[in-house]
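User: Could you zoom in on a single part of this model for me and walk me through what surrounds it?

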Amino acid sequence: MRSKLLLPNRFKWIGILLFIPFLVLGILSRYKEFQIDALTSYNHDNDIFTPVQNFTDELALSGLILSLLMIAFAREKQEDEFIYHNRLESWEWAVLINFLLLIVACWVFYNEAFIDVMMYNLLTPLIIFIVRFHWVMLRNKPSEEKN
Amino acid sequence: MQNTIKVERAIKNLTQADLADKIGVSRQTINAIETNRYIPSTILALKMARVFGKKVEDIFSLEKGD
């Protein structure tokens, strides 16, 4: 109803389908130093950028964010005031939990491990929102449909 | 706030899904209202009352602390 920023419902499934390959790509590029050779750029006559730059990790991160955004902003089949309320409340939870986790993380993780945490932290607001929103939708599914 | 939607549905022999379709909301919304997890807007309360052929006050009532 009031939410004008939403995408059509099918984007939820497109988002899920895209999330899986980008997640695999992200893990491979972060932990196995996997690179797609076609995404390497060579800037020999440029002093600002490093001469050889590979964009596999950039592709993975953009893809992960975009696919999570699609899932989070996909319209439900029947949007109404309760779902709108659920959306707002879930964003509230997502921001709150995200920053509470960040406070804990900054005391627990240091150096390389903290960089890893910061990277996950780029995605956690979206993930917490998606989980909380769908958990409320599932909990309120009419009992006659649960069987 | 309390409500008697479950009773009214039983009288009219409607499932949560039937009621949801009649007033154009999701099934989850009806369930959330029935289980007191969500307080509907005035518009939605009026629509529900119209389906049951009753006044809003006959279906929804204030509780202590409201």
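The part in question is helix 3 of chain B, and the answer follows it outwards.

User: Take a close look at helix 3 of chain B: which of its residues are buried, and what does this helix give to the side of chain B that touches chain A?

Analyst: Sure, with the reminder that this is a predicted model. Let's start with the helix itself. Helix 3 of chain B covers 27–34, and 7 of its 8 residues are buried, so the rest of the structure largely encloses it. Those buried residues are B:Arg27, B:Gln28, B:Thr29, B:Ile30, B:Asn31, B:Ala32 and B:Ile33. After the helix comes B:Asn36, which has a positive phi, near 60°.

Now for the contact between the chains. It takes 13 residues from chain A and 14 residues from chain B. On the chain B side, two elements give two or more residues: helix 2 (16–23) and helix 3. Helix 3 of chain B gives the most, with 5 residues. By type, the chain B side splits into 7 polar, 5 nonpolar and 2 charged residues.

Next, the packing. In soluble globular proteins, nonpolar side chains tend to be buried together. Here the largest nonpolar core has 12 residues, with members from both chains: A:Phe82 and A:Ile83 on one hand, and on the other a chain B group including B:Ile5, B:Leu19, B:Val25, B:Tyr38, B:Leu44 and B:Met48. B:Ile30, B:Ala32 and B:Ile33 belong to this core too. Helix 3 of chain B provides its largest share, 3 residues. Helix 2 and helix 4 (42–52) of chain B also give two or more residues to the core, as does helix 3 (81–108) of chain A.

B:Ala20 is another member of that core, and its contacts lead back to our helix. Leaving aside neighbours within four places in sequence, B:Ala20 is in contact with B:Arg27, B:Thr29 and B:Ile30, along with B:Val25 and B:Ser26. There's also a second, separate core of 10 residues, and A:Leu64, A:Met70, A:Ile71 and A:Phe133 are among them.

Finally, some context on the partner chain. Chain A is divided into domain 1 (1–75) and domain 2 (80–147), with C-alpha centres 20 Å apart. Each domain puts 9 residues into the contact between them. On the domain 1 side of that contact, 7 residues are nonpolar, 1 is polar and 1 is charged.

Key. Residues numbered from 1 in each chain as written. Chains lettered and ligands numbered in written order. Predicted model: local features only at pLDDT ≥ 70, side-chain atom pairs only at ≥ 80, totals over all residues. Contact = placed C-beta atoms within 7 Å. Helix = DSSP H or I, 4+ residues; strand = E, 2+ residues; numbered from the N terminus. Nonpolar A, V, L, I, M, F, W, Y, C, P; charged D, E, K, R; others polar. Core = buried A, V, L, I, M, F, W, Y, C linked by C-beta atoms within 7 Å. Buried ≥ 20, exposed ≤ 12 C-beta atoms within 10 Å, placed from the backbone. Domains from an automatic or database assignment.
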